[in-house]
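Student: Please pick out the strand pairing in this one and take me through it closely. Then show me how the rest of the chain is arranged around it.

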Amino acid sequence: MATEAYVSRADRLRQLPLIEKGTDMGAFMRGFWHPIARSHRVEKGKSYGVTFFGEEFNLYRGESGQPYLTVGRCPHRGTVLHTGWVEGEAIRCIYHGWKYDQDGKCVERPAEPEEAPPEDICIKTYPARDYSGLIFAYMGDDEAPEFDLPRKDALEEEDRIVHVTEEDWPCNWLQSVENSLDPAHVSFVHQKGRVGTFGATVTTDMPKLECYETDAGIRLVAIRGPDNIRATDWTFPNNNHILQPTMGPEDPWMNLLLWQVPVSDTVTKRLMIYSRPRISAEEDEKFLSYCKEKAEDYSSMALHRELFEEQKFPDDTFMQLLSAQDYLAQVGQGPIADRSNEYLATSDAGVVFLRRILWRELCAFRDGKPTKQWKRLDEAADLPMQGPMAAQA
Ligand code: FES
Ligand SMILES: [Fe+2]
């Protein structure tokens, strides 16, 4: 069995990003709940082909409103299931009409003479559920853990508005995740074109970093001065939770939660929740319409050429610009960053901290030893809300 002591740094850095079939990291990562889609884009009675960890799945919403995730292909002759029909809570394959119920059991084979299909014909199903505007699924082989780690107290308070965004980026999930643990990037990547209160908090001062391992992941604190301290609650294995000012100085801060979910080794799905307290019907409507207009279908990848070849940035100087700037930095590292010649420096303390934890957990997983049972932070340990103290967060 491979253990940390026998694996070189170069090998560790080669193994950690790889999550497709047959990889240890892929099997380990699948043992967590991940968001896979925006709830409002998955309609009742419709099915969709999706890919995660390099594997095809069939995502559909039953007529009751419940989401379901199954393997991507029909076991009969192997065509993709999402091109079939949703019937109640079941899915019927387009090719010869075999029908699978919500537990994956084949319940009809219209072209066969016998009445009941044999018991052993079934498709694998995966637990799926809606939460705060996103569909989460558990794609591991074992029984799913309780749906707890992805939850946040801030998302479950009453009287909040929520907007969700989704983008696919052509780069490995880990270089995106590492960006969450790299607050020094904010001073450069997000320096140009900044606006609003968020823009005002972006300075070129380099932060002093403090990293702590928490029950849920990593608390990263970036200190740029006594009145400029930014804390983030990074949650294992691929979520970052930050509190972020919005546009106006009086506006309440937003909770921003970003998941970077591996579609394949070279594509990452970014699903993001923006959530803030209600202000007034008029202000809330204004904010939500702005989000819908600027971010509902925005894709940095669609602007890849303009961004990389012309350095032409999107017009929206808040949501679109932030995404485009991060896109350049992360996709600019290549589909899977070559770390063999990487030259780390003091500002990479968060990245190193993250890699050590990921490697520790991966080694335990593949050696059959207990891995850390991550759990969500209790309310007191959650990020501070807006107020005299939190204004410095
Ligand atoms: S391939 Fe699905 S029913 Fe034949
Ligand atoms: Fe960024």
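Tutor: Two strands count as paired here if DSSP finds at least two bridges between them. The strands themselves are DSSP runs (E, at least two residues), as are the helices (H or I, at least four), and both are numbered from the N terminus. Bear in mind that this is a predicted model, where local features need pLDDT of at least 70 and side-chain atom pairs count only at pLDDT 80 or more, while totals for chains, interfaces and linings use all residues. Residues are numbered from 1 along each chain as its sequence is written, with chains lettered from A and ligands numbered from 1 in the order in which they are written.

Let's start with the hairpin. Strand S10 (residues 128–131) runs antiparallel to strand S11 (residues 134–138), and four bridges join them. Ala 128 has Ala 137 of S11 as its bridge partner, and Arg 129 sits opposite Phe 136 in S11. Two residues lie between S10 and S11, and Ser 132 is in that turn. Ser 132 isn't a glycine, yet its phi is positive, at about 50°. For context, most residues other than glycine have a negative phi, and most peptide bonds are trans.

The hairpin belongs to an open sheet of three strands in the order S1-S11-S10, paired antiparallel. Strand S1 (33–38) and S10 are its edge strands, each pairing on one side only. On average, neighbouring strands in this sheet are turned by 35° against each other, direction ignored. For angles like this, axes are lines fitted to C-alpha atoms (for helices, over the stretch in contact), and the angles between N-to-C directions run from 0 to 180 degrees.

Now for the other sheet. This one is open too, with seven strands in the order S12-S18-S17-S16-S15-S14-S13 and antiparallel pairing. Strand S12 (160–169) and strand S13 (208–213) are at the edges with a single partner strand each, so one side of each has no neighbour in the sheet. The twist from one strand to the next averages 20°. Within the sheet, strand S14 (residues 217–225) pairs with S15 over eight bridges, in the antiparallel sense, and Gly 217 stands opposite Thr 235 in S15. Helix H7 (residues 281–295) packs on the sheet, touching S12 and strand S18 (268–277), and its direction makes about 10° with that of S12. Touching here means contact, with C-beta atoms, placed from the backbone, within 7 Å.

There's a cis peptide bond as well, from Phe 236 to Pro 237, with omega near -5°. Pro 237 is in the loop between strand S15 (228–235) and strand S16 (239–244).

Next, a helix pair: the axes of helix H4 (residues 173–180) and helix H9 (residues 319–331) come within 10 Å and cross at roughly 125°. That makes H4 oblique to H9, since angles under 35 degrees count as roughly parallel, over 145 as roughly antiparallel, 65 to 115 as roughly perpendicular, and the rest as oblique. At this contact Gln 175, Ser 176 and Asn 179 of H4 meet Asp 326, Ala 329 and Gln 330 of H9.

Finally, the overall layout: an automatic or database assignment divides the chain into domain 1 (39–138) and domain 2 (159–392). Their centres, taken over C-alpha atoms, are separated by 33 Å.

Terms used: Two residues are in contact if their C-beta atoms, placed from the backbone, lie within 7 Å.
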